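This report describes two ligand sites in one protein. The sequence and structure come first, and the text follows.

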Amino acid sequence: MPQTGALKHRSMQANLFTNQSDPHDFETHELGDGWIREYPCFLSEAQASSLLADLLESIPWQQDQIRIAGRLIPVPRLQCWMGDADYSYSGLRLKALAWQLPVLALKQQIETVTGRQFNSVLLNYYRNGQDSVAWHADDEPELGPEPVIASLSLGAERPFRLRPKATERPERQRLLLRHGSLLLMGEGIQNNWLHELPKVKGLEKPRLNLTFRQLLK
Ligand SMILES: O=C(O)CCC(=O)C(=O)O
Ligand SMILES: [Mn+2]
């Protein structure tokens with residue numbers, strides 16, 4: 001940011017006495033037919049680093065395969081689906097793992113700060129800059145007509161891009177997803193926009209991302 005056509009609203013409460021960042025601080029970007037909100041300091045550096053080490057170790061990471069034009073292709077990242085119900089995308093059925101304590105605690109913290117409810121999470125492990133997520137929208141029917149998704153980033157800072165689904169529209173958005181930051185993708189984003197996490201040449205450091213979702217019962 002700043003980006004074409006993006007209107008920003010800030011809520012930055014500087015703490016004059018401790019100079020500490022507040023997890024409630026946010027910046028909203030209105031994109032016309034959708035909005036996103038960044039919480040740049042959602043977790044402190046120490047909290048984020050400890051959670052990163054814990055999850056790298058404790059999550060049963062696996063490389064799933066999706067079917068494209070009849071062929072099974074390994075996705076370029078490791079994943080784990082956790083929560084109250086199983087999930088499908090691109091012909092892939094993900095069995096839900098029971099909530100693990102640090103992830104459940106994080107879910108509750110995110111619900112308090114965002115005022116939104118979530119019952120599942122997709123955890124992604126990008127081992128280095130060659131791992132990525134291609135252009136997509138999280139608009140499966142199981143997520144309801146207007147999905148709102150909260151996305152927490154840990155580890156290597158990576159660019160995240162958005163573009164309208166309508167190919168004739170030129171707008172683009174690019175954010176940097178920092179260690180310990182939270183991105184809330186609000187109403188309109190999954191219906192009207194696509195997002196991706198592109199590959200980054202020469203990056204060796206790992207990154208984890210947790211996208212909290214609300215599946216319809
Ligand atoms: O890693 C990210 O920041 C995005 C992940 C994502 O879009 C997804 O899991 O649907
Ligand atoms: Mn997504």
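## Ligand sites

In the shell around ligand 1, 5 residues are nonpolar, 5 polar and 3 charged (Gly counts as polar, and Tyr as nonpolar). The model is predicted, with pLDDT of at least 70 needed for local features and 80 or more for side-chain atom pairs, while totals for chains, interfaces and linings use all residues. Residues are numbered from 1 along each chain, chains are lettered from A and ligands numbered from 1 in the order written, and side-chain values use heavy atoms without hydrogens or water.

Ligand 1 is surrounded by 13 residues, the closest being N124, Y126, H195, R207 and R213 (a heavy atom within 4 Å). Polar side-chain atoms of the following residues lie at the distances shown from an oxygen atom of ligand 1 (N or O pairs within 3.5 Å).

| Residue | Distance to an oxygen atom of ligand 1 |
|---|---|
| Y126 | 2.5 Å |
| R207 | 2.9 Å |
| D138 | 3.2 Å |

Taken alone, ligand 1 exposes 300 Å², of which the protein buries 97% (Shrake-Rupley, 1.4 Å probe). Strands β9 (120-126), β15 (193-197) and β16 (207-213) each give two or more residues to the shell around ligand 1 (strands are DSSP E runs of at least two residues). The largest share, 4 residues, comes from β16.

The manganese ion (ligand 2) has the protein donors H136 (NE2), D138 (OD) and H195 (NE2), at 2.1 to 2.2 Å (donors are N, O and S atoms within 2.8 Å of the metal, or 3.2 Å for Na, K and Ca). D138 lies in the loop between β10 (133-136) and β11 (149-155) and H195 in strand β15, so this pair ties together parts 57 residues apart in sequence.

Terms used. Polar contact = N/O pair within 3.5 Å; in protein donor to acceptor, adjacent residues only side chain to side chain.
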